[in-house]
Amino acid sequence: MAPPARAPFAAWLAGGNDITAAFLAAAGRPGMINLAGGLPDPALFPVEELAALAAAAVRERPAEVLGYGPVAGLPALRDALASRLSGPALRLGRDNLLVVSGGLQALDLIGKVLLEEGATVAAQWPTYLGALDAWRPRRPRYRPLMPGATATELAAACTGAAFAYAVPNFSNPTGRLVPGGERHALVAAARAAGTWLVEDDPYGSLGYGGPLPPRLIELAAADRPGAVYDGTVVYLGTLSKEVVPGLRVGWVAAAPDMIAALARARQGADMCGSGLTQAVALGALAAGLPERLAAAAVAHYRGRRDALLAAMDAELAGRFAWEVPEGGMFVWARARDQGLDTDRLFDAALAAGVCITPGSVFDPAGRDRGAIRLNFTLNPPDRLAEGVRRLAAAVAATG
């Protein structure tokens, strides 16, 4: 007997890429060197401190942390985040904060709140893969915000867009730090266009050089000093890189009406976040744990970045060009030979025992097949060097 007919899956599922699932699966193969994901080093996880915070939360506040909680997040955590993010140029209160289950949930909620099907997004180019996946069900059109774009070009990109999206601090995938002048121009362009501006900042704590330029949300608040923030920049942050990703604690800082809209959208997703992990996050912030971890993480990852770059200089300099990232977790390398297809290189690299991320997954149309993203935070220097040697062999085999 033939199986019963089934209704088809939603049409948007056919528009995704197959490489993401492939590299996530391949990274777990025995002997595979994973240079693909944006993964922190588990050796840096503050295991004992987090265990103590979790135990104390369960014992001392079981009803609060083990039951359902407020949709917008634990009030004490929202207050703590508002205080942490506020400064001379930015005043935030509880109503400016939404706690989310990691930064990716924030991107998903932004898509639900701001995107009608087929709407336009002005996005940094190339664009973070997770954002493209989060918004894919709305099937948006994309307009590029190119690195180094002029004020006129930024204005043209923002006009008519549902929102603009940028990762100014050590962008994923390129590792680029957007300079101060370009930040001012982007905020001005979005404001003139009446466009929301989403500032995604997961890597701001991983700077290997000097001080960072002001955040976009700080620039947006500058015209109303002292007033509680009510601007059009929507700022996203997370503890995934500052503490551990397993907490799944991130946040949105935005105007109160945007926070209310996102919270309403969140009700239909997971209703509320984990009270336990929020309580652990609150304890970590109160103890200054992110700040204490930052110096060790920066020194650790700076050394790994340098090790990857040294291996690339030795093995790949004739085939790829790249810039030294000033922070973050990635090196973005573009093939010198325009005939080198990095989707094909991805397959050859897997066969050689190293997993990389091809540039096509950061292009909504999948056409950029001349670049690769390499991660340096997960592996120690000897594994990074071996991974690059395997990649060089795959490049030679690809032609």
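How exposed is Asp306, counted by its relative accessibility? At 37% relative accessibility, Asp306 counts as partly exposed, and the views below show this residue along with several others.

This is a predicted model, in which local features need pLDDT of at least 70, side-chain atom pairs count only at pLDDT 80 or more, and totals for chains, interfaces and linings use all residues. Residues are numbered from 1 along each chain as its sequence is written, and side-chain values use heavy atoms, with hydrogens and water left out.

**View 1. Asp306 and Arg305 meet in a salt bridge.**
A salt bridge here is a side-chain nitrogen of Lys or Arg within 4 Å of a carboxyl oxygen of Asp or Glu. Between the side chains of Asp306 and Arg305, the N to O distance is 3.0 Å. The partners sit in unlike surroundings: Asp306 is partly exposed at 37%, whereas Arg305 is buried at 10% relative accessibility. In these legends, buried means under 20% relative accessible area, exposed means over 50%, and partly exposed is in between (1.4 Å probe, protein chains only).

**View 2. Asp108 and Lys112 form a salt bridge within helix α5.**
Look for the N to O distance of 3.4 Å between these two side chains. Asp108 and Lys112 are 4 residues apart in α5 (residues 103-114), about one turn of the helix. Helices (H or I, at least four residues) and strands (E, at least two) are DSSP runs, numbered from the N terminus. Asp108 has 23% relative accessibility and is partly exposed; Lys112 is partly exposed too, at 33%.

**View 3. More salt bridges can be found around Arg215 and Arg84.**
Arg215 pairs with Glu218, and their closest N and O atoms are 2.8 Å apart. Arg215 is buried, with a relative accessible area of 15%. Elsewhere, a network of salt bridges links Arg84, Glu242 and Glu291. The whole structure holds 19 salt bridges.

**View 4. Phe9, Trp12 and Leu13 make a nonpolar patch on the surface.**
Together these residues have about 360 Å² of accessible area, a value from the Shrake-Rupley method with a 1.4 Å probe, where for residues only the protein chains shown count as cover. Patches are made of residues with over 30% relative accessible area and no salt bridge; like charges are joined within 9 Å, and nonpolar side chains (Val, Leu, Ile, Met, Phe, Trp, Tyr) within 5 Å. Leu13 belongs to the segment before α1 (19-26) and, at 49% relative accessibility, is partly exposed.

**View 5. Two pairs of helices pack against each other.**
Two packed helices are described by the angle between their axes and the distance between the axes. Axes are lines fitted to C-alpha atoms, for helices over the stretch in contact, and angles run from 0 to 180 degrees between N-to-C directions. Helix α7 (residues 151-158) packs on helix α8 (residues 180-193) at an angle of about 40 degrees, with the axes 8 Å apart. That makes α7 oblique to α8. For helix α12 (residues 289-315) and helix α14 (residues 381-398), the axes come within 9 Å and cross at roughly 30 degrees. That makes α12 roughly parallel to α14. Angles under 35 degrees count as roughly parallel, over 145 as roughly antiparallel, 65 to 115 as roughly perpendicular and the rest as oblique.

**View 6. Two cis peptide bonds lead into prolines.**
Trp125 and Pro126 are joined by a cis bond with omega of about -5 degrees, and Pro126 lies in the loop between β3 (120-124) and α6 (129-135). From Asn172 to Pro173 the peptide bond is also cis, with omega near 20 degrees. Pro173 sits in the loop between β5 (163-166) and α8.

**View 7. Arg139 and Arg248 each have a positive phi without being glycine.**
For Arg139, phi is about 45 degrees; this residue lies in the loop between α6 and β4 (141-145) and is partly exposed at 44%. For Arg248, phi is about 55 degrees. Arg248 is in the loop between β7 (233-238) and β8 (250-253), and is partly exposed at 38%.
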